[in-house]
Amino acid sequence: MPLSFSPILKSARWIFTPSWLLVAPLVAPGLCDLPVHCERHQVVGDWEFTLGALSSTRSACGHKHPDDQYAQPALSLVSSQSSTQSMRLSLQDPSTAISKDGAQTGTWTMIYDEGFEVAIGG
């Protein structure tokens, strides 16, 4: 005897088909991504920070708004300021920051996967 489905089962089978496969090609692909993506193991290591003069007001650092990964400000932007200093640090796992001369210690932490913050020397 051949196997047959009742009309109710045939319609139920249609409900359970992955209909999103029929709609998916109609959705246009989006181009979006964060220009920055760094993970903890990529940040651990030796760093040299170039620090500009302190200011009581927040200033723009030369980045475009919104950020453009292909148009980062040149280091000459900072070095052209009146006073700069260089600080060499070792960022160690899990969260220790040590100056290269060993005189200062502090902490560092990831900010999601977009950057990191270092607190050292006061």
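Colleague: What relative accessible area does Phe 116 have, and into which class does that value put the residue?
Modeller: In this predicted model, Phe 116 has a relative accessible area of 23% and is therefore partly exposed, since buried would require a value under 20%. Phe 49, with a relative accessible area of 22%, is likewise partly exposed, and Trp 47, at 31%, also counts as partly exposed.

Colleague: How many aromatic pairs does the structure hold, and what is the geometry of the pair formed by Trp 47 and Phe 116?
Modeller: There are four aromatic pairs in the structure. In the one formed by Trp 47 and Phe 116, the ring centres are 5.0 Å apart and the planes make an angle of 55 degrees, which is a tilted arrangement. Trp 47 belongs to strand β1 (residues 45-51) and Phe 116 to strand β5 (residues 115-120), so this pair ties together parts of the chain that are 69 residues apart in sequence.

Colleague: What kind of pair do Phe 49 and Phe 116 form?
Modeller: Their planes stand at 65 degrees, with 6.3 Å between the ring centres, so the pair is edge-to-face; the reasoning rests on the cut-off, because planes over 60 degrees apart fall into that class. Phe 49 lies in strand β1 and Phe 116 in strand β5, so here parts that are 67 residues apart in sequence are tied together.

Colleague: Which residues make up the aromatic cluster, and what sits over the ring of Trp 108?
Modeller: Trp 47, Phe 49, Trp 108 and Phe 116 form one aromatic cluster. Over the ring of Trp 108 sits the charged end of Arg 40, at 4.5 Å from the ring centre. If residues up to four places away in sequence are set aside, the residues that Trp 108 touches include Arg 40, Val 43, Leu 91, Pro 94, Ala 97 and Phe 116.

Colleague: How should one read a nonpolar core, and which residues make up the largest one here?
Modeller: As a general idea, nonpolar side chains in soluble globular proteins tend to be buried together. In this structure the largest nonpolar core has nine residues, namely Cys 38, Val 43, Met 87, Leu 89, Leu 91, Ala 97, Trp 108, Met 110 and Ile 120. Strands β2 (85-92) and β4 (105-111) each supply at least two residues of this core, and β2, with three residues, has the largest share. For the chain as a whole, 11% of the 122 residues count as buried.

Colleague: Where does Cys 38 lie, and which residues does it contact beyond its sequence neighbours?
Modeller: Cys 38 lies in the loop between α2 (20-23) and α3 (40-43), and with a relative accessible area of 16% this cysteine is buried. Leaving aside neighbours within four places in sequence, Cys 38 is in contact with Val 43, Met 110, Asp 113, Glu 114 and Gly 115. The C-alpha atoms of Cys 38 and Gly 115 are separated by 6.8 Å, although the two residues are 77 residues apart along the chain.

Colleague: How does one read the two faces of a strand, and which residues of β4 lie on the covered face?
Modeller: In a regular strand the side chains alternate between the two faces of the sheet. In β4 the covered face carries Gly 106, Trp 108 and Met 110, whereas Thr 105, Thr 107, Thr 109 and Ile 111 are on the uncovered one.

Colleague: In what sense, and over how many bridges, does β4 pair with β5 and with β3?
Modeller: β4 and β5 pair in the antiparallel sense over six bridges; Thr 109 stands opposite Glu 117, and Ile 111 stands opposite Gly 115. Strand β3 (residues 96-99) pairs with β4, also in the antiparallel sense, over three bridges, and the bridge partner of Ile 98 in β4 is Thr 105.

Colleague: Which residues take a positive phi in these two hairpins?
Modeller: In the hairpin of β4 and β5, with three residues between the strands, Tyr 112 takes a positive phi near 50 degrees. In the hairpin of β3 and β4, where five residues lie between the strands, Gly 102 takes a positive phi near 80 degrees.

Colleague: In what order do the elements run along the chain?
Modeller: The chain has four helices and five strands, which run α-α-α-β-α-β-β-β-β from the N terminus on. Among contacts between residues at least 6 apart in sequence, 53% join residues at least 24 apart.

Note on methods. Residues numbered from 1 in each chain as written. Predicted model: local features only at pLDDT ≥ 70, side-chain atom pairs only at ≥ 80, totals over all residues. Heavy atoms only, no water. Phe/Tyr/Trp six-rings, centres within 6.5 Å; stacked < 30°, edge-to-face > 60°. Buried < 20%, exposed > 50% of the residue type's maximum accessible area, 1.4 Å probe, protein only. Lys NZ or Arg CZ within 6 Å of the ring centre and 35° of its normal. Contact = heavy atoms within 4.5 Å. Core = buried A, V, L, I, M, F, W, Y, C linked by side-chain atoms within 4.5 Å. Pairing = 2+ DSSP bridges.
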